[in-house]
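Please open the structure in a viewer and keep the sequence beside it. The tour below proposes one selection after another and describes what is found at each stop.

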Amino acid sequence: MRNLRLVGALVGMLILAAAGCGGDNSGSSGGNASATTAASATTAAAGGGGGEEEIKLTAKDIKWDTTTLDLTSGTSYTVEVTNDDSVEHNFTFEKAGANQDVEGGEDAKVTFTAPAAGSYEFHCKYHPQVMKGTVTVT
């Protein structure tokens, strides 16, 4: 079962990497982020136990590489945000109390527990019109 999860996580990461190879919209100032690939969550604890899930999210060209997060209610998640831009970004998921700044060129992590089932928004508080996405909690 653990090997199946690992294979699934690797396939998800490859899909995300391939989706990130699309065209460059950095000259656009008013559109919304075009990536719609769901972020895959992988078990962070290598030796089993813990039950914490990790999600990798990248900010590049003032947009998220993923605009859809699928979570399970009551599960603990750590979002690792990689900021590939030179400007500061932020990951905010208000319903879960997550709010983490990420300086340009740096990484940061924020941990939270997924709220009750529903559809919510995550965004960058510095660029909320173009850096936003949907969190679906089941």
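In which strand is Asp101 found? Asp101 is found in strand E7, which covers residues 98–102. Before examining it, please note that this is a predicted model.

**First stop: Asp101**

Select Asp101 and display its side chain. Asp101 has a relative accessible area of 30%. Buried requires a value under 20% and exposed a value over 50%, so Asp101 is partly exposed.

Next, add Asn90 to the selection. Asn90 and Asp101 are 11 residues apart in sequence, yet their C-alpha atoms are 4.2 Å apart in space. Their side chains make a polar contact at 2.8 Å. Now add Tyr126: its side chain makes a polar contact with the side chain of Asp101 at 3.1 Å. To complete this view, show the residues that Asp101 touches, not counting residues up to four places away in sequence: Glu88, His89, Asn90, Ala108, Lys125 and Tyr126.

**Second stop: the whole chain**

Zoom out and switch to a cartoon display. How many helices and strands does the protein chain have? The protein chain has one helix and 10 strands. Following the sequence, the helix is at the start of the pattern and the strands come after it: α-β-β-β-β-β-β-β-β-β-β.

The protein chain has 138 residues, of which 35% are buried. If a surface is displayed, the exposed area of the protein chain is about 7,500 Å², and carbon and sulfur atoms supply 51% of it. For contacts between residues at least 6 apart in sequence, 59% join residues at least 24 apart.

**Third stop: strand E5 and its partner E8**

Select strand E5, residues 76–83, together with strand E8, residues 107–113. The two strands run antiparallel and are joined by seven bridges. One position to locate is Thr78, which stands opposite Thr111 in E8.

Which residues form the covered face of E8, and which the uncovered one? Ala108, Val110 and Phe112 are on the covered face, whereas Asp107, Lys109, Thr111 and Thr113 are on the uncovered face.

Return to E5 and select Glu80, which is found in this strand. Is Glu80 buried or exposed? Its relative accessible area is 16%, so Glu80 is buried. The side chain of Glu80 makes a polar contact with the side chain of Lys56 at 2.9 Å. Leaving aside neighbours within four places in sequence, the residues in contact with Glu80 include Glu54, Ile55 and Leu57, as well as Asp107, Ala108 and Lys109.

Asn83 is also in strand E5. Its relative accessibility is 1%, and therefore Asn83 counts as buried. The side chain of Asn83 reaches the backbone oxygen of Val102 at 3.0 Å. Among the residues that Asn83 touches, not counting those up to four places away in sequence, are Ala59, His89, Gly104 and Gly105.

**Fourth stop: the aromatic cluster**

Select Trp64, Tyr77, Phe91, Phe93, Phe112, Tyr120 and Phe122, which form one aromatic cluster. A pair of aromatic rings is described by the distance of the centres and the angle of the planes. The count of aromatic pairs comes to seven. One of them is formed by Trp64 and Phe122, a tilted pair with 6.0 Å from centre to centre and 55° between the planes. This pair links distant parts of the chain, since Trp64 is in the loop between strands E3 and E4, Phe122 is in strand E9, and the two are 58 residues apart. Trp64 counts as buried at 1% relative accessibility, and Phe122 does so at 0%.

Then focus on Phe91 and Phe112. Their ring centres are 6.4 Å apart and their planes are at 20°, so the pair is stacked. Phe91 is in strand E6 and Phe112 in strand E8, 21 residues apart, and this pair also links distant parts of the chain. Both residues are buried.

**Last stop: the nonpolar core**

Which residues have the most contacts inside the largest nonpolar core? They are Trp64, Leu71, Phe91, Phe93 and Phe112, in a core of 25 residues. To see where this core draws its residues from, colour E3, E4, E5, E6, E7, E8, E9 and E10, each of which supplies at least two of them.

How values were computed
Residues are numbered from 1 along each chain as its sequence is written. This is a predicted model: local features need pLDDT of at least 70, side-chain atom pairs count only at pLDDT 80 or more; totals for chains, interfaces and linings use all residues. Side-chain values use heavy atoms; hydrogens and water are left out. Helices (H or I, at least four residues) and strands (E, at least two) are DSSP runs, numbered from the N terminus. Buried means under 20% relative accessible area, exposed over 50%, partly exposed in between (1.4 Å probe, protein chains only). A polar contact is a pair of N or O atoms within 3.5 Å; within protein, one must be able to donate a hydrogen and the other to accept it, and residues adjacent in sequence count only if both atoms are side-chain atoms. Contact means heavy atoms within 4.5 Å. Rings of Phe, Tyr and Trp (its six-membered ring) pair if their centres lie within 6.5 Å; planes under 30 degrees apart count as stacked, over 60 as edge-to-face and the rest as tilted. Two strands pair if DSSP finds at least two bridges between them. Accessible areas come from the Shrake-Rupley method with a 1.4 Å probe; for residues, only the protein chains shown count as cover. A nonpolar core is a set of buried Ala, Val, Leu, Ile, Met, Phe, Trp, Tyr and Cys residues joined through side-chain atoms within 4.5 Å.
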